[in-house]
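Open your viewer, switch on the cartoon style and keep the sequence panel in sight. We will walk through this model one selection at a time.

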Amino acid sequence: MNLNDVKQVSISRKKAKRIGRGIGSGQGKTAGKGHKGQNARSGSSRPRAFEGGTMPLYRRLPKRGFNNDRFSDKYVIVNVEQLNALSDGQTVTLADLDKAGIVKVNKGVKYVKILGNGELKVQKLKVKVHKISKSAKEKIENNQGTVKIVSLTSDKDKNKTKNKKK
């Protein structure tokens with residue numbers, strides 16, 4: 001192997017334009033900014049949606065609909081197979097599920113719904129949730145467990161009375 005046999009590894013880099021370096025560079029004189037005007041000035045930039053002073057499209061179009069999501073009830077969804085991480089005879093509430101690491105309670109989440117996916121191997125669970133599917137209820141009750149549905153309205157009423165006392 002000789003030195004002339006070694007091939008140079010080509011690195012494909014885009015060469016930077018040298019702007020404003022004389023007329024022979026192709027980017028001289030006005031440096032690609034045209035003649036005079038707003039964009040020829042230093043420090044000039046306009047918003048992305050700027051349309052030359054006319055009312056922009058996003059302001060011309062009608063805004064439709066209403067999103068009530070921030071006022072809606074947020075549920076944590078738990079499948080029956082996830083309850084296998086609990087021990088026999090344990091109570092199942094939102095706080096218990098959070099302690100067991102089954103669910104991570106986010107800001108705004110106050111309610112639990114249990115769905116019937118999977119098999120339940122744990123016996124005698126005492127479930128106190130806000131909503132439960134028929135199949136999940138059957139599976140829990142078939143394993144000698146009890147299901148109690150906690151009403152949503154009582155939780156909301158408690159929050160209202162707490163706020164009034166303050």
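Here is a short tour of a predicted model, with something to select at each stop.

**Stop 1: the annotated region**

Start by selecting residues 77-147. The UniProt record, an unreviewed entry, annotates this stretch as "domain: Large ribosomal subunit protein uL15/eL18". Colour it by secondary structure: 23% of this part of the chain is helix and 28% is strand. Now click on the C-alpha atoms at its two ends, and you will find them 16 Å apart.

**Stop 2: a sheet of three strands**

Next, select β1 (residues 74-79), β3 (residues 109-115) and β5 (residues 131-132). In which order do these strands form their open sheet? The order is β1-β3-β5, and the pairing is parallel. The edges are β1 and β5, each of which pairs on one side only.

Zoom in on the two pairings in turn. β1 and β3 run parallel and are joined by six bridges; to see a bridged pair, select valine 76 and its partner in β3, valine 112. On the other side, two bridges link β3 to β5, again in the parallel sense. Here you can pick isoleucine 114, whose bridge partner in β5 is isoleucine 132.

While you look along the strands, turn on the side chains. In a regular strand they alternate between the two faces of the sheet.

**Stop 3: two tyrosine rings**

Stay with the sheet and show tyrosine 75 and tyrosine 111 as sticks. The structure holds one aromatic pair, and these two residues form it: the rings are tilted, with 5.5 Å from centre to centre and 40 degrees between the planes. Tyrosine 75 belongs to β1 and tyrosine 111 to β3, so the pair links parts of the chain that are 36 residues apart.

Are the two rings' residues buried or exposed? Tyrosine 111 is buried, at 4% relative accessible area, whereas tyrosine 75 counts as partly exposed, at 25%.

**Stop 4: the nonpolar core**

Now hide the surface and look inside. The largest nonpolar core has 22 residues, and those touching the most other members are Val78, Leu83, Val92, Leu97, Ile114, Leu125 and Val127. Select them together. At least two core residues come from each of β1, α2 (94-100), β3, β4 (126-129) and α3. Which element gives the largest share? That is β3, with three residues.

Click once more on isoleucine 114. Beyond its neighbours within four places in sequence, isoleucine 114 is in contact with a list of residues including Val78, Leu83, Val92 and Val127. Its contacts also include Lys131, Ser133 and Ala136.

**Stop 5: two unusual backbone angles**

Most residues other than glycine have a negative phi. Our last selections do something else.

Select lysine 36, in the segment before α1 (57-60). Lysine 36 is not a glycine, yet its phi is positive, at about 50 degrees. Lysine 36 is also exposed, with a relative accessible area of 67%.

Then move to glutamine 144, in the loop between α3 (134-142) and β6 (146-149). Its phi is positive too, near 65 degrees. Glutamine 144 counts as exposed because its relative accessibility is 52%, and the cut-off for exposed is over 50%.

Definitions and conventions: Residues numbered from 1 in each chain as written. Predicted model: local features only at pLDDT ≥ 70, side-chain atom pairs only at ≥ 80, totals over all residues. Heavy atoms only, no water. Phe/Tyr/Trp six-rings, centres within 6.5 Å; stacked < 30°, edge-to-face > 60°. Helix = DSSP H or I, 4+ residues; strand = E, 2+ residues; numbered from the N terminus. Buried < 20%, exposed > 50% of the residue type's maximum accessible area, 1.4 Å probe, protein only. UniProt positions renumbered as here; feature names shortened; annotations may be inferred. Pairing = 2+ DSSP bridges. Core = buried A, V, L, I, M, F, W, Y, C linked by side-chain atoms within 4.5 Å. Contact = heavy atoms within 4.5 Å.
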